[in-house]
Each structure stands twice: as C-alpha cells, then as structure tokens.
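Subject: Structure for your review

Dear colleague,

Please find below the structure that I am handing over to you. My notes on what was found in it follow directly after.

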Amino acid sequence: MDALTRLHRSLVGGDDDEDPPEDSILADTEGLCSLSPLQRIYAFAACLVAGLALMILSFIVFVRPIKFAVMFTFGNILAVGSTAFVMGPQKQIRMMFDPVRLYATAIYVGCVVLALIFALWIHDKLLTLIAIICEICALFWYSLSYIPFARRMVSDLMVKLCDTEL
C-alpha cells in the first residue's frame, strides 16, 4: 500500500482488514521525500543561494520598503528553511522549538508574519521597516543559540558597551 493511500485512510478511516495505519502521518513523509545525501546538499545550497540572492537583491528596492520587506522576508525564510534539507524538517522544527531557542524562534516567526502583514495588507512603510529590523535581530539572536556561550558573550559585551557608569 503506498503512502498516499495510507494517509488518505488514516484521515478518513480505513478498513480493518488491511494494514493498520502507522503511528503518525509525519512518518510517511520520510518515505515520500527521501533524498540522497548529495541531493540534500544540492537542495540546501540551492535554497541558501536563492535566499541570500533575494536578500541581497532586496536592497536594490530599499527605497520601496514594501517590496523590500517582501523580498527580504521570503529570502530570509528560504535561507533559514534550507537547513531542513540537511537535517530534515522534523529535526529542524524540534530544534527551533527547543527551550533554549523557543523565545527567539517565536519572536522571529512573529516578526516575519508582522513584516508580511505590514507590507502586504496594511501598506505601512515605517511599521514594515521596524518589523524587518526586529526580524534581523531575532534571527541573529536565534543563530547565536547554536554557538556555545555566544549569547552570553554578546550579552556581556552589550552590557559593557551600554554601561553609563564609569
């Protein structure tokens, strides 16, 4: 029985005389999306390059903040999502919602959504730029969570730089 048939039967209920459905629907995606290691590296590189290209090209339309926000945000999503090809989407999501990264992930995803809402529906340039700046900061803080003690070092550096007492 192919994976799509099992998925359909698990959603609508199947006959008892056939194979029982697996524990989760996500387990079926591994069989559907199995890529060789070389294909995963190619897909990772393609998504990363496309994301970085969109982010760099977005600066050409910087004077049009709405177009800039849309291009930059989709480029950012492509670049972050490219790592799902290397480690798999389930592990990527588990790592994103790890307690160490939970707040940074929530702020990043929230800023991405806000930037797109401000750009596409509200058409407010100032709010869009503020959301983009917050998105960049959240992504930077999220990325630091993968480097041991990086967050602590950056926090200590910022305290020392911003300390007004002599």
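A helix here is a DSSP run of type H or I with at least four residues, and a strand is a run of type E with at least two. On that basis, residues 41-62 are 82% helix and 0% strand, and the C-alpha atoms at the two ends lie 32 Å apart. Please note that the model is predicted.

The stretch just described comes from a record: the unreviewed UniProt entry annotates "transmembrane region" over residues 41-62, 68-88, 100-122 and 128-149. For residues 100-122, the chain is 91% helix and 0% strand, with 33 Å between the end C-alpha atoms.

Two helix pairs deserve a description.

The first pair is H3 and H4. Helix H3 spans residues 37-58 and helix H4 residues 65-81; their axes are 7 Å apart and the packing angle is about 160 degrees. Angles over 145 degrees count as roughly antiparallel, and H3 and H4 are therefore roughly antiparallel to each other. Their crossing is left-handed. On the H3 side, the contact involves Cys47, Leu48, Ala50, Gly51, Leu54, Met55, Leu57 and Ser58, which meet Phe68, Met71, Phe72, Phe74, Gly75, Asn76, Leu78 and Ala79 of H4. Sorted by class, the contact of H3 with H4 comprises twelve nonpolar and four polar residues, and no charged ones.

Ser82 follows in the loop between H4 and helix H5 (83-87). Is Ser82 buried or exposed? Its relative accessibility is 0%, so Ser82 counts as buried, the cut-off for that class being under 20%. Leaving aside residues up to four places away in sequence, Ser82 touches Phe44, Cys47 and Leu48. Cys47 and Leu48 also belong to the H3 residues that meet H4.

The second pair is H7 and H8. Helix H7 covers residues 102-122 and helix H8 residues 125-144; the two axes come within 8 Å and cross at roughly 160 degrees. H7 and H8 are therefore roughly antiparallel to each other, and the crossing of H7 and H8 is left-handed. H7 contributes Ala104, Thr105, Ile107, Tyr108, Cys111, Val112, Leu114, Ala115, Phe118 and Ala119 to the contact, while H8 contributes Leu127, Thr128, Ala131, Ile132, Cys134, Glu135, Ala138, Leu139, Trp141 and Tyr142. By class, the contact of H7 with H8 has 17 nonpolar residues, two polar and one charged.

With kind regards

Definitions and conventions
Residues numbered from 1 in each chain as written. Predicted model: local features only at pLDDT ≥ 70, side-chain atom pairs only at ≥ 80, totals over all residues. Heavy atoms only, no water. Axes fitted to C-alpha atoms, helices over the stretch in contact; angles between N-to-C directions. Parallel < 35°, antiparallel > 145°, perpendicular 65-115°, else oblique. Left-handed = near helix turned anticlockwise from the far one by under 90°. Contact = heavy atoms within 4.5 Å. Nonpolar A, V, L, I, M, F, W, Y, C, P; charged D, E, K, R; others polar. UniProt positions renumbered as here; feature names shortened; annotations may be inferred. Buried < 20%, exposed > 50% of the residue type's maximum accessible area, 1.4 Å probe, protein only.
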